[in-house]
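Q: I've got a model open and I'd like to learn how to read its helix packing and its core. Can you walk me through it?

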Amino acid sequence: MVRLNRIYTRTGDAGETGLVDGSRVSKTDSRLAAIGDVDEANSAIGVAVRHVGDGRLQAMLGRIQNELFDLGADLATPGEDFTPGEMTLRIVAEQIDRLEREMDEMNETLSPLTSFILPGGEGGAAELHVARAVVRRAERSAVAAAGAVRLNPLALTYLNRLSDHLFVAARFAAAQGSGDILWKPGATR
């Protein structure tokens, strides 16, 4: 589907970039901010994968990384028809359902929360918390872009669910080591 013979094209030198339909927009466009934040989230997940020791969690994160490329293509495809096609990538409900199933499965092995969790921990937990925070920013950017242009509502739902998934994944990774780092309100007073 993708073939890149050359990385630089010079088509963006004037501050514009192309969308999937061939139209061009400013690199400061809110849609592109969302796409860039999704790309950064994908990179943060890639870092986390290197630190996660659990093979099942690595596989989940690998699927998510592929889906984030699909999500970027979805955001970069103008229009009002959000039906996926052979040449049109769109986020679909089944991807969101899978995230929820995976969260439920991981959560079954975790003790209930008794406090807020500080972002950190071993076994990839700290990196997953960073990825979660970046996904939250990507979601805010996508919501802002959706105020200006029509975006696939399932793309927004996917980002919201993904940040939850990464929170549970961070707890799951931390449980493989010394556990969650709990917030101690007022501990330094």
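A: Sure. One term to start with: contact means heavy atoms within 4.5 Å. Also keep in mind that this is a predicted model.

Q: With that cut-off, which residues in α2 meet which residues in α3?
A: On the α2 side you'll find Arg56, Leu57, Met60, Arg63, Ile64, Glu67 and Asp70. On the α3 side they meet Gln95, Arg98, Leu99, Glu102 and Met106. Sorted by class, the contact of α2 with α3 has 5 nonpolar, 1 polar and 6 charged residues.

Q: How do I read the geometry of α2 and α3: at what angle do they pack?
A: The general idea is to look at the angle between N-to-C directions, where over 145 degrees counts as roughly antiparallel. Here α2 (residues 55–75) and α3 (residues 93–108) pack at about 160 degrees, and their axes are 12 Å apart. So α2 and α3 are roughly antiparallel to each other. As for handedness, α2 passes α3 in a left-handed crossing.

Q: And at what angle do α4 and α5 pack?
A: About 170 degrees, with axes 8 Å apart. By that same reading, α4 is therefore roughly antiparallel to α5. The residues that meet include Leu128, His129 and Val135 in α4, and Leu159, Phe167 and Ala170 in α5. By class, this contact has 17 nonpolar, 3 polar and 4 charged residues.

Q: His129 caught my eye. Is His129 buried or exposed?
A: A residue counts as buried under 20% relative accessible area. His129, which sits in helix α4, has a relative accessible area of 3%, so it is buried. Skip the neighbours within four places in sequence, and His129 is in contact with Ile117, Leu118, Pro119, Gly120, Phe167 and Ala170.

Q: Now the core. Which residues in the largest nonpolar core touch the most other members?
A: The general idea first: in soluble globular proteins, nonpolar side chains tend to be buried together. In this model the largest nonpolar core has 45 residues, and Leu57, Leu71, Leu128 and Tyr158 touch the most other members. The elements giving two or more residues to this core are α1 (30–51), α2, α3, α4 (125–146) and α5 (153–175). Of these, α5 gives the most, with 11 residues.

Q: Take Leu71. What is Leu71 in contact with, leaving aside its neighbours within four places in sequence?
A: Leu71 is in contact with Val38, Ile91, Ala155, Tyr158 and Leu159. Tyr158 is also one of the residues that touch the most other members of the core.

Key:
Residues numbered from 1 in each chain as written. Predicted model: local features only at pLDDT ≥ 70, side-chain atom pairs only at ≥ 80, totals over all residues. Heavy atoms only, no water. Axes fitted to C-alpha atoms, helices over the stretch in contact; angles between N-to-C directions. Helix = DSSP H or I, 4+ residues; strand = E, 2+ residues; numbered from the N terminus. Parallel < 35°, antiparallel > 145°, perpendicular 65-115°, else oblique. Left-handed = near helix turned anticlockwise from the far one by under 90°. Nonpolar A, V, L, I, M, F, W, Y, C, P; charged D, E, K, R; others polar. Core = buried A, V, L, I, M, F, W, Y, C linked by side-chain atoms within 4.5 Å. Buried < 20%, exposed > 50% of the residue type's maximum accessible area, 1.4 Å probe, protein only.
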